Protein chains: 2
Amino acid sequence: MTDPLAHQPGYALRRAANAMMGELATRLAPLSLRVSEASILTLVEQCKDVSSSEIGRMLDIKRANMAPLLARLEVAGLIRRQPIDRKSQAIVLTPAGEDRLAAVQRVINQFERELLARVPEAHREHLLPALNALWP
Amino acid sequence: MTDPLAHQPGYALRRAANAMMGELATRLAPLSLRVSEASILTLVEQCKDVSSSEIGRMLDIKRANMAPLLARLEVAGLIRRQPIDRKSQAIVLTPAGEDRLAAVQRVINQFERELLARVPEAHREHLLPALNALWP
DNA sequence: CCATTATTGCTATGTATGATAGCATAATGT
DNA sequence: ACATTATGCTATCATACATAGCAATAATGG
C-alpha cells in the first residue's frame, strides 16, 4: 500500500530528513563522527575564533549540549580551546582536526551530490530555496 | 553572522525538518498527542483493519516502538484492538479517537497551509515532489 | 501432513538527541 | 558600583529510535 500521508509536505519533510540523516550518519561513522560533530568541525574552520556559545547559536544547539560534544571532539584530539578572555574560549581545529575535516568534506560533498541527483531535474533547483524558507 | 552551512541541501533539510517538527509538536500538545501518535490516528482511519505491524511498516516505526505508542493511545481511549486471528489484531478508532482525529486534522491542515505559505511561490509546487524523491 | 521458517506483539535495554534547571564566574551597561 | 546578562558547565529528564530476545501463531514447502 502506498503511504497515505505522503501528500502532506510536513510529513514528507520529516521522512526525507530522517532518511537523509540516517544515511549521512552511516557514511560518517567510519570517521568516528556524528552528524552534529561533523557540522561543528565544518563551522569551526569557516569561522575564526568562534566560541562554544556562538557555535551553539549558529547550529541551534543548546549550550548545555555543546559541552559534551566539544569534550568528545577535544578528547579525540580534533579541536582545542584557546582563551579569548577569562571566561570565553575560542574553539580551533588541531592539525588532526583539519585532516579529519578534509575527510568529512569529501564524504559530505559526495553525499550532497547524490542527494540532489535523486531529485527530478525539474524540481532540483527549487529544493534549497524552498527548504531555507522553512527555518528561522 | 549568516549560517555558513545553509547552502547545503542536506543541512537545510535537517534544519527545516527540526523547525517544522518542533512547531507541530507545540500545536499538537494541547491535544495531548505527539506527532507520531497523531500520524498513527490518521493512518488508522484511512486504512481499515490495519495491524500494529502494518502501521509500523508504513510509518517506519519499529514493532518494538509501536507497542508503547499504541498502549498510550489505548489507555487514552482513542483506539481499541480487534482480533483478526489468534495472533494479529486490527487497530481501530474509538468514537473518542475519531473526535480527537478530527481535531488533529484541523491542526494539521492549518499547519500544512502555513508551511507552504512560507515557501516563495516560485518554489512552492516543487517542494513536495522534491521531498518525496528523497525517501524510499 | 509435518517440520521448518516467518510473523506478530511484546519486554527489556541501550543510545542519540534535545530540553530545563541550576551554578559559579566573568563581562557589560547604566 | 551594582544589577543584569553571558559563558561554560553539571545534572537530569523526555523523546526517538535501535537491537536482542521471547512466546505464540501463521504460513510455507517438501
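How do the residues of the surface near DNA strand D divide into nonpolar, polar and charged? I opened the notebook with this question, and I note at once that the model I looked at is a predicted one.

**Entry 1: DNA strand D**

I looked up the classes and found three nonpolar, seven polar and nine charged residues on the surface near DNA strand D. In total, 19 residues surround this strand. I wrote down the closest: Ser53(A), Arg63(A) and Lys87(A) from chain A, with Arg86(B) and Lys87(B) from chain B.

Next I asked which parts of the DNA face the protein. Of the atoms of DNA strand D within 4 Å of the protein, 56% belong to sugar or phosphate, and the rest belong to bases.

Then I took single contacts. Asn18(A) has a polar side-chain atom 3.4 Å from a phosphate oxygen of DNA strand D. For Ser53(A), the distance from a polar side-chain atom to a phosphate oxygen of the strand is 2.5 Å. A base is reached from chain B: a polar side-chain atom of Asn65(B) lies 3.0 Å from a base nitrogen of DNA strand D. I also looked up which elements give two or more residues to this surface, and they are helix H3 (52–59) and H4 of chain A, together with H4 of chain B.

**Entry 2: DNA strand C**

I repeated the search for the other strand. DNA strand C is surrounded by 19 residues. The closest are Arg86(A) from chain A and Ser53(B), Arg63(B), Lys87(B) and Gln89(B) from chain B. By class, I found three nonpolar, seven polar and nine charged residues on the surface near DNA strand C. Sugar or phosphate accounts for 55% of the atoms of DNA strand C within 4 Å of the protein, and bases for the rest.

Which residue has a side-chain N or O atom 3.1 Å from a base nitrogen of DNA strand C? I found that it is Asn65(A). Lys87(B) also reaches a base, with a polar side-chain atom 2.5 Å from a base oxygen of DNA strand C. Gln89(B) uses its backbone instead: a polar backbone atom of this residue is 2.9 Å from a phosphate oxygen of DNA strand C.

I checked the elements here too. Helix H4 (63–75) of chain A, helix H3 (52–59) of chain B and helix H4 (63–75) of chain B each supply at least two residues of the surface near DNA strand C.

**Entry 3: chain A by itself**

I counted the secondary structure of chain A and got six helices and three strands. Along the sequence the pattern reads α-α-β-α-α-β-β-α-α. The C-alpha trace of chain A spans about 60 × 30 × 25 Å along its principal axes.

The three strands form an open sheet in the order S1-S3-S2 (chain A), with antiparallel pairing. Strand S1 (50–51) and strand S2 (79–83) of chain A are the edge strands, and each pairs on one side only. S1(A) and strand S3 (residues 89–93) of chain A run antiparallel and are joined by two bridges. In that sheet I found Ser51(A) opposite Ala90(A) in S3(A).

**Entry 4: the sheet of chain B**

In chain B I found an open sheet of three strands, ordered S1-S3-S2 and paired antiparallel. Its edge strands are strand S1 (50–51) and strand S2 (79–83) of chain B. S1(B) pairs with strand S3 (residues 89–93) of chain B over two bridges, and Val50(B) has Ile91(B) as its bridge partner in S3(B). S2(B) and S3(B) pair over five bridges, in the antiparallel sense. One residue of interest is Gln82(B), which stands opposite Ala90(B) in S3(B). I traced the link between these strands as well: a hairpin joins S2(B) to S3(B) through five residues.

**Entry 5: how the two chains meet**

I laid chain A on chain B and noted an RMSD of 0.0 Å, a turn of 180° and a shift of 0.0 Å along the axis. The two copies are therefore related as by a two-fold rotation axis.

How many residues does the contact take from each chain? I found 49 residues from chain A and 49 residues from chain B. The area buried between the chains is about 4,800 Å², and carbon and sulfur atoms give 72% of it. Arg14(A), Leu134(A) and Trp135(A) supply 14% of the area that chain A buries against chain B, more than any other three residues.

Last, I asked why the copies can be said to meet through the same surface. The reason is that 100% of the interface residues of chain A are also interface residues in chain B.

How values were computed: Residues numbered from 1 in each chain as written. Chains lettered and ligands numbered in written order. Predicted model: local features only at pLDDT ≥ 70, side-chain atom pairs only at ≥ 80, totals over all residues. Heavy atoms only, no water. Near = heavy atom within 4 Å. Polar contact = N/O pair within 3.5 Å; in protein donor to acceptor, adjacent residues only side chain to side chain. Helix = DSSP H or I, 4+ residues; strand = E, 2+ residues; numbered from the N terminus. Nonpolar A, V, L, I, M, F, W, Y, C, P; charged D, E, K, R; others polar. Least-squares fit on C-alpha atoms with pLDDT ≥ 70 in both. Contact = heavy atoms within 4.5 Å. Pairing = 2+ DSSP bridges. Buried area = accessible area lost by both parts, 1.4 Å probe.
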